[in-house]
Amino acid sequence: MTAGDVLRGSAEKRWTSWSSLRAERWLGAGAGIVVALLVLPPLLAAMTASVGAEFAPLHRPDIVLNTLLLGVTTTMLAVAGGTGLALALVPGVPAKAMLERLIVMPLYLTPLLTAIGWSWLASPRSGLVNLLLRNALGPDFAINVISASGVIVVSTLAVMPLPFLLVSDALAGIDASLVEAARVHGAGPRTVLRRIVLPLLAPAALASALLVFVQAVGLFSVPAVLGMPADFNVATTEIFRLLESYPPRVGEAASWGLLLLAITALLTFGQSLLLGRRSFATISGKGFRPSTKPPRGRRSRATLAWFYVILATVLPLLALLWAASVSFVAGDLRLTRFSTLHFDNVLFAYPKTWIAARNSTLLGVLTATIVCLLGLVVSWIILRTRQAGRGLIDQLSMVPLSVPAMVFALGLLWVYVRLPLPIYGTLSILLIAYVTHYLPFGVRAASAALRQLHPELEEAARIAGATWFGTMRRITLPLLRQTMIASWALLFIMAMQEVSSSILLYSSSSIVLSVAVFDLWENGNPSDVAALGFVQLAASFVVVGLALRARHQPSFS
Amino acid sequence: MSAEAVIVEGLEVAHGPTQAVRSLSFAARRGELMTLLGPSGCGKTTSLRAIAGLETPSAGRVVLEGRVAFDQAAGIDLAPERRGLSMVFQSYAIWPHMTVFENVAFGLRARRAKRDEIAASVRRGLEAVGLHALADRPATRLSGGQQQRVALARAIACNSSVILLDEPLSNLDAMLRMEMRAEFKALQHRLGFTAIYVTHDQEEALVLADRVLVMRNGLVEQTGRPAEIHDRPRTRFVADFVGVRNVFPCEVKQDGGRFVAILDNGVRLQLRGEPAKVPSCVCFRPISVSLSPRPDAQAMAATLIRATYLGDLMEYELRAGGLTIWARSLARGDLAEGAQVFWSVPPDACFLVTA
């Protein structure tokens, strides 16, 4: 057999499989191509954009160290804290359901607002907490959040919901009999925790550690608000500074992106070595029973959770509200006067508010819709077909999880500045960045939902004469409606709040709300920032409220 | 039109490196009820799904009502919705977001039937399974048995001439299963559709089928009418599967014009007729064994190890020269555990199988 025979043979084989009229095959190939086009060009560009330029990190070892410090400490604190919260919230804890919802609130708030809120609370001279404490403890007292430790603590508060969610899921999947067997065989609660529960949670905790690390080193807003004034710079703020300088030093910025990429790639590889083929095999299909025994120390468990909720959500939001509604901030709290001045300013005087609101809403709706549909198609291909290369599509669609958003944006910038496509500086480039960044979320959410749906429900429709599209429209989508709307809403909020890639890709006509907030923070009146932040939150929650109303409309029981 | 409603030729289905179906060929005549019988993992469900177009075979041909639905060599692979079939799934696959009526009407709507035609067909389908009173009920408010009936009504309402059934009764309790089995048989007889019915339950297969196809490891082990499969299994596997518990390796010798099977322990069993192929085992059903506490001319001695109460019958476990022999009969008071008994099998009841 010659090489020509081999080629001809494979060509014939391909032809026969393509000649059959199966919509899902074309769709599978199409989805693969779309995912590859979204993920690969910016990734390759991010890797190669710094070629020829100086490798900037070599000259700023301090920033490299700061970045690693932020990544490692935030990851350790957030995973420990998230695991602790998950372990604390066992059934029987007062207000468990509400606490679970409140703990994940930071997912719906941009870290930018949390950081700004905390700067109102604990900046050394005029922070609210400091003003109050100084009255009580004397004039020298100060908590300083404008510092390295401030950046780390606020970043930790912002990313903790991720490990909490993943570890909670794993915890819920542990069969009670595993714990009971250990108790019966003589292990006390502490030994059970150490020898049984924690090892079973380890894969989930480790998986979340990687996600948190990527988030932490890719986080721009927190170090920009709390770190830069204290001269605590990290890779993301450095990328921003290099691109803001005139002329923009793109090559050097790209070398920082390459550094982040290298670190996260190394860690992803390390994680796959560590976890190997070990899966979360804690759920044992038959006779699965979650634990029902009431826990000890219910009150203190709830207190721990409330403590996190207050630090991560309640206090920063209250601080924002306060800042937005006082006419001016004075060193003496007794001089405080309330007014709607700042809301008037951002709604009627500040020219960017309305265009940014329009852009953000449009981007949010488009991103959430596209990611939901693309995620559904990709996960359908992965779960429901035996199509060749579906494993590759799966892996490709997960790549954005291990690439900081800012690095992707840098790659996109590099690609579309060079392509003769009129995309640069428009909403389209932001849309591409958002869709790529949130694609893994869409695929995961749709996979989880599809797994719950017996394939025979779809197959029965095909046999009954419905086409692939007809089956999707009349069986799959209606059945997944609830979960799809929920993930649509979450995607919408996340897109509304995105900062890290928007800050590199926006132009004056494609400005979005979170960038407008940051812009005001840099140049304007800090009280107006708080007001605009509230406008941003209000806009996202109105749309989500509408979406969730659609979800609760009775369709079938 | 040909007499065959379903023709499968050289069908092969690969799941990665494992060959789930290896060269399956059979033809089902119009109006025939054919069961694919075998243990789990034998490839019967995969074969059915390949006929439906839900799996893509790696080789072979599927012809439905004279129309080629799949042909690897010619590059033909019709989508499931273009094969004009109906199917009843193991999980029933009743769509929970629709009413009973909408479930049954789905296939007619998908095939763009007229409104009054849909109403008539749905009524006919639901009446056939006795559920016309529940047409407007949401599908989630149905019992398991009712869901099963809706699945059947949905398959019938489409007027497909071929209906595929994938272990449709396996999720029902024993009583309901018997009832549905009889109903389905009557329905199939009345409406005259061709049915390919997958099951792992030999009793179900034998009771229902016009023809049974026994599968093993992706290959056909034996095809035949239920009585043939039941009374004359050709291989040891089929014999085991249809409940012939006494299967013994043997040598066949000619002894004065008659054939005799000689077991490892020297027991000689008279055979009727002439062995056709190269047989290696002799078999007989427990019910064919006659027992007696007293010796007679034909009987052989054994020890009664255990007598087990089975309800209608007793099952006796005998030991003779290192072999265990199973016998069944009405309960009798003259046999005691541990005592010597005498057993015999009429030549008619003995048959030979290959290993």
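**Two chains, term by term**

Mentor: Let's start with chain A: its secondary structure comes to 24 helices and zero strands. This is a predicted model, by the way.

Trainee: What does the secondary structure of chain B come to, then?

Mentor: Eight helices and 21 strands for chain B. The C-alpha atoms of chain B fill a box of roughly 75 × 50 × 35 Å along the principal axes.

Trainee: What share of each chain counts as buried?

Mentor: In chain A, 45% of the 557 residues count as buried. Chain B has 355 residues, and buried ones make up 41% of them. The cut-off is 20 or more other C-beta atoms within 10 Å of the residue's own.

Trainee: Why is strand 8 of chain B called mostly covered?

Mentor: Strand 8 spans residues 162–166, and five of its five residues are buried. Each of them therefore has at least 20 other C-beta atoms within 10 Å. On one side sit B:V162, B:L164 and B:D166, on the other B:I163 and B:L165, and both faces are covered.

Trainee: How do you know that strand 8 of chain B pairs with strand 7 of chain B?

Mentor: Pairing takes at least two bridges. Strand 7 (residues 86–88) and strand 8 have three, so they count as paired, and they run parallel. B:M87 stands opposite B:L164 there.

Trainee: And what makes strand 9 of chain B a partner of strand 8?

Mentor: Count the bridges again: there are five between strand 8 and strand 9 (residues 194–199), so the two-bridge cut-off is met, and the sense is parallel. In strand 9, B:I196 is the bridge partner of B:L164. Between strands 8 and 9 the chain passes through helix 5 (residues 174–191) of chain B, giving a right-handed β-α-β crossover.

Trainee: What makes the five-strand sheet of chain B open?

Mentor: Its order is 14-13-12-15-21, with antiparallel pairing. The ends of that order are edge strands: strand 14 (268–271) and strand 21 (351–353) each pair on one side only. The twist averages 45° from one strand to the next.

Trainee: How do you know that strands 12 and 13 of chain B pair within it?

Mentor: Six bridges join strand 12 (residues 246–255) to strand 13 (residues 258–263), so the cut-off of at least two is met. One of the bridge partnerships is B:Q254 with B:F259.

Trainee: Back to chain A. Why is the span of helix 2 called close to the expected one?

Mentor: Helix 2 (residues 23–48) has 26 residues, so 1.5 Å times one less than that gives the expected 38 Å. From first C-alpha to last, helix 2 reaches 37 Å.

Trainee: Where does helix 2 of chain A bend?

Mentor: At A:L37, by about 25°, and the proline A:P41 follows within four residues. Buried residues of that helix include A:V35, A:L38, A:V39, A:P42 and A:A46.

Trainee: How do you know that chains A and B touch?

Mentor: A contact needs C-beta atoms within 7 Å. By that test 23 residues of chain B are in contact with 25 residues of chain A, so the chains touch. On the chain B side, strand 7 and helix 2 (100–110) each supply at least two residues. Helix 2 of chain B gives the largest share, three residues.

Notes:
Residues numbered from 1 in each chain as written. Chains lettered and ligands numbered in written order. Predicted model: local features only at pLDDT ≥ 70, side-chain atom pairs only at ≥ 80, totals over all residues. Buried ≥ 20, exposed ≤ 12 C-beta atoms within 10 Å, placed from the backbone. Right-handed = clockwise from strand over helix to strand, strands pointing away. Bend = angle between axes of the 7 residues up to and from the residue. Axes fitted to C-alpha atoms, helices over the stretch in contact; angles between N-to-C directions. Contact = placed C-beta atoms within 7 Å.
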